[in-house]
Amino acid sequence: MPAPAPKRPRQSRSGLTDTGVRKAAAKSDRSRAREFALQALYQHLVGRNDAESIDHFTRDLAGFHKADSVHYDALLHGCIEQSAELDALIVPLLDRKLEEISPVERSVMWIGVYEMRNCLDVPWRVVLNECIELAKEFGGTDGHKYVNGILNGLAPSLRAAEVQADKAGKAGKTNTDSSTD
């Protein structure tokens with residue numbers, strides 16, 4: 001009887017769980033702030049709770065001390081205060097009524113649009129990637145694809161110079177990569 005084949009060591013996927021979601025230890029303070037803001041905005045949309053009540057409740061949750069509380073405050077209060085403006089930007093890109101959008105995906109889109117408009121220190125691609133990750137972790141099966149499409153559609157108008165610079169950089173890189181001397 002042949003000896004069993006030796007088990008190959010599992011590849012390390014540092015910072016990721018088996019499902020591909022980032023482990024809590026690998027998350028930045030801002031990523032944590034976005035997660036808590038998402039939960040808080042969900043409470044606002046579903047429970048119709050006011051920002052102050054939600055804020056007090058959220059700050060008592062386990063792990064909040066590891067979040068960037070200033071960024072959390074900006075996201076929670078900013079998204080609620082600017083909700084009509086955020087919705088007005090999102091609605092033209094939707095393929096259904098706003099009321100048919102899951103509260104999780106809507107909250108994630110609010111966070112993305114808010115950050116693209118107000119947090120210019122965060123690169124637009126970081127905003128996009130963080131929102132996709134939030135939607136993957138907390139949203140429906142393909143919610144992240146929907147969020148990606150909407151935020152990618154808004155990026156050229158909300159971060160025009162940054163998006164153009166990215167496109168120009170990629171075009172220049174492609175041209176130099178393909179040239180032969």
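A residue is called buried when its relative accessible area is under 20%, exposed when that area is over 50%, and partly exposed in between. With this in hand, a tour of the charged pairs can begin. The model described here is a predicted one.

Lys27 has a relative accessible area of 10% and is therefore buried. Its side chain meets that of Glu137 in a salt bridge, with N and O 3.2 Å apart. Glu137, in contrast to a buried residue, counts as partly exposed, because its relative accessibility is 30%. Glu137 belongs to helix 6 (residues 124–138), while Lys27 sits in the segment before helix 1 (29–47), so the bridge ties together parts that lie 110 residues apart in sequence. This pair also has company: salt bridges that share partners join Lys27, Glu35 and Glu137 into one network. In total, the structure holds 15 salt bridges.

A second pair to look for is Arg30 with Asp68, whose side chains meet in a salt bridge at 3.5 Å from N to O. Here, too, distant parts of the chain are linked, since Arg30 is in helix 1 and Asp68 is in the loop between helix 2 (51–59) and helix 3 (69–81), 38 residues away. Arg30 is partly exposed at 26% relative accessibility, and Asp68 is partly exposed at 21%.

Asp68 has another contact to show. At the start of helix 3, one of the side-chain oxygens of Asp68 comes to within 3.2 Å of the backbone nitrogen of Val70. Helix 3 itself has 13 residues and, at 1.5 Å a residue, should span 18 Å; the C-alpha atoms at its ends are 18 Å apart, so the model agrees with the expected span. Several residues of helix 3 are buried, among them His71, Tyr72, Leu75 and Leu76. Further along helix 3, His77, Gly78, Cys79 and Ile80 are buried as well. The cover over the buried residues of helix 3 includes helix 1, helix 2, helix 4 (83–90) and helix 5 (103–118).

A local pair completes the picture. Glu133 forms a salt bridge with Lys136, and their closest N and O atoms are 3.9 Å apart. Both residues lie in helix 6, three residues apart, or about one turn of the helix. An α-helix has 3.6 residues a turn, so residues three or four places apart point the same way. Glu133 is partly exposed at 22% relative accessibility, and Lys136 is partly exposed at 43%.

Key:
Residues are numbered from 1 along each chain as its sequence is written. This is a predicted model: local features need pLDDT of at least 70, side-chain atom pairs count only at pLDDT 80 or more; totals for chains, interfaces and linings use all residues. Side-chain values use heavy atoms; hydrogens and water are left out. A salt bridge is a side-chain nitrogen of Lys or Arg within 4 Å of a carboxyl oxygen of Asp or Glu. Helices (H or I, at least four residues) and strands (E, at least two) are DSSP runs, numbered from the N terminus. Buried means under 20% relative accessible area, exposed over 50%, partly exposed in between (1.4 Å probe, protein chains only). The expected span of a helix is 1.5 Å times one less than its number of residues. Contact means heavy atoms within 4.5 Å. A polar contact is a pair of N or O atoms within 3.5 Å; within protein, one must be able to donate a hydrogen and the other to accept it, and residues adjacent in sequence count only if both atoms are side-chain atoms.
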